[in-house]
Each structure stands twice: as structure tokens, then as C-alpha cells.
Amino acid sequence: MSCNSCSTGKDGQPKGCKNNGTCGTDSCNKLTVFDWLSNMSLPDGETHFNAVEVRFKNGRKQYFLNTENLTLSIGDVVATQAKSGHDIGMVTLTGELVRIQMKRKNIDIDDRENVLKIYRKATQRDIDIWKDAREREDPMKVKARQFAIDLKLHMKISDIEFQGDASKATFYYTAEDRVDFRELIKLFAREFKTRIEMKQVGFRQEAARLGGIGSCGRELCCSTWLTDFRSVSTSAARYQQLSLNPLKLAGQCGKLKCCLNYELDAYLDALKEFPKTEVKLYTEKGVGACQKIDIFKGVLWYAYEGEWMNWHKLTAAQANVIIDLNKKKQKVASLEEFAVELLEETKVAFENVVGQDSLTRFDSPKTSRKRNNKNSNNRKRKPQNNAKKS
């Protein structure tokens, strides 16, 4: 199994696109797993775990039993059991890490309905049939979308995946509501001459299957390593002091970016030392309301009610002291007596002694022009005086 850039050799092994470990078309490195136990041997008396992880198109993975005791390694193309017929996939993980992955995903190795078996290593005939089926997917997707538009169905067909033996095609689609696609399946079966299966996926799963480049400039996390999609709320952006701009917070899937949850716990721990922004500070001079906080520097800015242009900078500890006094029905004189301690002395790092930052340093002085004009006038007048003398 390989992308168009890699191609496949005669023995079924991917040749490799030689792109420094990553695929140029982003189909060979989706959800890759590093086998950090590959160079370690099993203890004496321990048997090798007889299940392997196999990846299919666009990161779809399943676990299969190696009942034939085949010598399999990462990258081998195998023919696996399907509900009807067989499928073609590539081995992505073997050994004890497969046991850990199955335990993490709550997959029982004795569940014969979900954990199928591997038939054999794929032959060249198997690979040719699978390759021809893959080449049919893009033209089919164009026609399938047109059929859905003609029937005025509110759905989007995002991807098509053929089974390895080309006996079945799975259509992945997204939709906001339930869709009655019974008439659509009849059109597909009549046009494409194969068994049809419709599978609805979420918007995040669609982005994970198709892949892409995020706003950070890297490949999408959901298509490279992220497998569990946790819910993301706007409160995560509020805690991190981010502007609630949907265009900046939304990812390729149209939902809130998953990376908003990555540093959320660190922000929540830091905010435990800060007072709540809606709590006001009562002083003899007036009531102070929080205008802004800086989590990294640990400071807050307060302004008196009615004097919103004048902000006073306080640390989180100083604000907590004032709040504790207010709870005891005591008031401080003003915010200024706390804010004075935060005055920072700015030190000049360099001194301009040669005028390098002057805007007019390249302009020629005007006095030199006047002198040149006077000299030229004197030169013109001298011949006239000589003529009078003669």
C-alpha cells in the first residue's frame, strides 16, 4: 500500500518516496506509530503476540489475528479478512505494542466479530486489483457528488474507499441532519456496478481522513497523530485570553481547533492564583474594576469607575490582599499606593553619539550649496572687470 509518489515494487513492498521520512502526498504517514520495542527481544518463555495493526486508506486502522503465523514486519502488504471477500492493507505495528493499543481502545482479542484474521501476504495480482480500484475512486466521487446535487440532498460526499478486492465501495459523507439516500443508493448501484455502503462521519473525522495544513503551517493533528477527539468549547479560548473570533478559532473542519485544549490545564492552574475578574476593589477613592489581566506576568489592570482611561497595575497577590480587606469591611486608601511599587525603571541600552538614527543624516548641508553659488558668481564677474580695464 503506497501513494502515487512511492509506487509499489514487484514484491508488493512500497518503494518509498525518499522524502526524509514523510510522504509528499500525505498518505503514507497518517497516524504512524513509532515501535520503540522493535530492538528488544522477548524474555525466555514468552510467545510473540499474534495480532497486528493494519492501516487502510486515509488512516483507517483495524487489528487482525495472525492465525497463519506469518512472518510480518511493518510495511508488509497483506490480504485481510472482511465481512464479505477480502481487503488489502499495510501492516503498521507488530509485537507487544499492539497489545497495549488494543487494551487502550478496549478491544478484546477474543471478539471474533471485530478482530478478524489475516489470510496471506498480498500477491501481485491482489495489488493490481486493489490499485485499479483505487484509480476509480476520484472519478466516482465527482459523479457521486453530482447525483447528490441533482436529488437536492443536503449532504457532502467527502471520500470513497474501495475494498481491496473491488467488491464494495464505501461512501463517506457528512450532513447536518438525517438524509434519506435510498434513491441515491439505487443510482450508485446502477452507475458503478458494485455494492454500496454509506457511512456518515463527523466533521472532525472528515478532516482527519482528508488531511491538510493548519494555520500553524504544519499538517493537521487529527490526520497525523490525534485519535481521540475531545469536545472543545469557547470557554477554553476565554481562559487563555483569546479573542472570540470564529475565523481564527475554527479549524479546517469548521469546528473549534483541537489545539485549544493543549495548554488549557496550564492556564487553569495559573488562574487559581488570580482573583475573579468580576470582583471589584473598594477603596476610599472609588471602586476599581478589572480591565485586563496578564497571566504570564501575573499582573492585573484596574480602573476606577468613571475614570476608565486611567489604569492601575497590580499584582495578583496585591489584588487578593485588597479583596481580603474588603471582605472584612475594610477599605484601602487608593489603588495608587499599591501600583506605585510596580514602577519599572527603563535602562538605556545604548547612547546615540554619532547621530545614526537621524532622519536627515543623508541630506547634504544647505550651506555648501550657497558657497558653491557664490564662487560660481565671482568667477563669472572677473572677466567683465578685466574688459573694462583694457
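This short talk walks through a sheet, a buried isoleucine and a few cysteines in a predicted model.

Hi everyone, let's begin with the sheet. Four strands make it up, it is open, and the order runs S9-S10-S11-S12 with antiparallel pairing. Strands S9 (281-282) and S12 (311-315) sit at the edges with a single partner strand each, so one side of each has no neighbour in the sheet. Helix H10, residues 316-327, packs on this sheet and touches S9, S11 and S12. The direction of H10 makes about 95° with that of S12.

Inside the sheet, S10 (residues 287-294) and S11 (residues 299-304) pair in the antiparallel sense over 6 bridges. If you want a spot to click on, Asp294 stands opposite Val299 in S11.

Next, Ile160, which belongs to strand S6, residues 156-162. Is Ile160 buried or exposed? Ile160 has a relative accessible area of 0%, so it counts as buried. And which residues does Ile160 touch? Leaving aside residues up to four places away in sequence, the contacts are Lys57, Glu137, Met140, Lys141, Ala169, Thr170 and Phe171. For a distance to check, the C-alpha atoms of Ile160 and Tyr173 are 9.0 Å apart, with these positions 13 residues apart along the chain.

Last, the cysteines. How many disulfides does the structure hold? The count is 0. For Cys221, the nearest cysteine sulfur belongs to Cys216 and lies 6.4 Å away. For Cys253, the nearest is that of Cys258, at 6.3 Å. The cut-off for a disulfide is 2.5 Å between sulfur atoms, so neither Cys221 nor Cys253 is in one. Cys221 is also partly exposed, at 26% relative accessibility.

Thanks for listening, everyone!

Definitions and conventions. Residues numbered from 1 in each chain as written. Predicted model: local features only at pLDDT ≥ 70, side-chain atom pairs only at ≥ 80, totals over all residues. Heavy atoms only, no water. Helix = DSSP H or I, 4+ residues; strand = E, 2+ residues; numbered from the N terminus. Buried < 20%, exposed > 50% of the residue type's maximum accessible area, 1.4 Å probe, protein only. Contact = heavy atoms within 4.5 Å. Pairing = 2+ DSSP bridges. Axes fitted to C-alpha atoms, helices over the stretch in contact; angles between N-to-C directions.
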